[in-house]
Amino acid sequence: MERCLELARVAGRRAEVPVGAVVVRGGEVLGASANRCFELSDATADAELLALREAFARAGEGRLVGAVLYSSLEPCFMCAGAALHARVARIVFGARDPKFGACGSLADLPNDPRLNHRCPVTEGVLEQESAELLRAFFRERR
């Protein structure tokens, strides 16, 4: 999660919403990224999706069975859905996202019994640090 916060700080310095994500399997980092939505003019360039894409490329697989997705912010519907399609074993995040969060805030996709893959979620890891990065970023923008 410390690496997620480092990446989030990088994103914030580039005027991106400060979110970082890392995919780990068996102690190996398969993918890591910060938000790049504005830089790439791509609303799907969230940190989690970019980290998952890098992990797919590095693993050479279409699924990431046994991997853990770490994010400084609760994944949105898009990112939680991608993690489930990737078959990650767990999602770990820092701060909740009351406006877009899909891992407990607005919905709980990873634990929805209607889906064919579910995974446990651990929330609140370095929550205060993650939340403060976001608060400071949006305070400067307003």
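Is Leu126 buried, partly exposed or exposed, and what is its relative accessible area? With a relative accessible area of 24%, Leu126 is partly exposed, where buried denotes under 20% relative accessible area, exposed over 50%, and partly exposed the range in between (1.4 Å probe, protein chains only). The structure is a predicted model, in which local features require pLDDT of at least 70 and side-chain atom pairs are counted only at pLDDT 80 or more, whereas totals for chains, interfaces and linings use all residues. Residues are numbered from 1 along each chain as its sequence is written, and side-chain values use heavy atoms, with hydrogens and water left out.

Leu126 is located in the loop between β5 (121-123) and α5 (127-141); helices (H or I, at least four residues) and strands (E, at least two) are DSSP runs, numbered from the N terminus. The phi of Leu126 is near 55 degrees, a positive value in a residue other than glycine. Most residues other than glycine have a negative phi. Ser41, likewise not a glycine, has a positive phi of about 50 degrees. Ser41 belongs to the loop between α2 (37-40) and α3 (47-59) and is exposed, its relative accessible area being 68%. A positive phi, of about 70 degrees, is also taken by Arg87, just after α4.

Helix α1 (residues 2-13) packs with α5 at an angle of about 5 degrees, the axes being 10 Å apart. Axes here are lines fitted to C-alpha atoms, for helices over the stretch in contact, and angles run from 0 to 180 degrees between N-to-C directions. The helices α1 and α5 are therefore roughly parallel to each other, a term applied to angles under 35 degrees (over 145 is roughly antiparallel, 65 to 115 roughly perpendicular, and the rest oblique). On the α1 side, Leu5, Ala8, Arg9 and Gly12 meet Glu129, Ser130, Leu133, Phe137 and Arg141 of α5, contact being defined as heavy atoms within 4.5 Å. By class, four nonpolar, two polar and three charged residues make up the contact of α1 with α5; Ala, Val, Leu, Ile, Met, Phe, Trp, Tyr, Cys and Pro count as nonpolar, Asp, Glu, Lys and Arg as charged, and the others, Gly among them, as polar.

Rings of Phe, Tyr and Trp (its six-membered ring) are paired if their centres lie within 6.5 Å, with planes under 30 degrees apart counted as stacked, over 60 as edge-to-face and the rest as tilted. By this rule the count comes to one aromatic pair. It is formed by Phe137 and Phe138 in an edge-to-face arrangement, at 5.1 Å centre to centre and with 85 degrees between the planes. Phe137 is buried, at 8% relative accessibility, while Phe138 is partly exposed, at 31%.

Cys4 lies in helix α1 and is buried at 0% relative accessibility. Residues up to four places away in sequence aside, Cys4 touches Gly20, Ala21, Val22, Tyr70, Ser71 and Ser72. Of these partners, Ser71 lies in strand β3 (residues 68-73) and is buried, at 0% relative accessibility. Beyond its neighbours within four places in sequence, Ser71 is in contact with residues including Met1, Cys4, Glu48, Val92 and Phe93. The side chain of Ser71 also reaches the backbone oxygen of Leu73 at 2.8 Å. Cys4 and Ala83 are 79 residues apart in sequence, with a C-alpha to C-alpha separation of 16 Å.

Seven of the 10 residues of helix α4 (residues 77-86) are buried, so α4 is largely enclosed by the rest of the structure. These buried residues are Cys79, Ala80, Gly81, Ala82, Ala83, Leu84 and Ala86, and they pack against α3, β3 and β4.

Two residues of the loop between β4 (90-95) and β5 were also examined. Asp112 is found in this loop and is buried, with a relative accessible area of 11%. A polar contact of 2.5 Å joins the side chains of Asp112 and Arg114; such a contact is a pair of N or O atoms within 3.5 Å, where within protein one must be able to donate a hydrogen and the other to accept it, and residues adjacent in sequence count only if both atoms are side-chain atoms. Leu106, in the loop between β4 and β5, is partly exposed at 47% relative accessibility. Apart from neighbours within four places in sequence, Leu106 is in contact with Phe77, Pro98, Lys99, Phe100 and Gly101.
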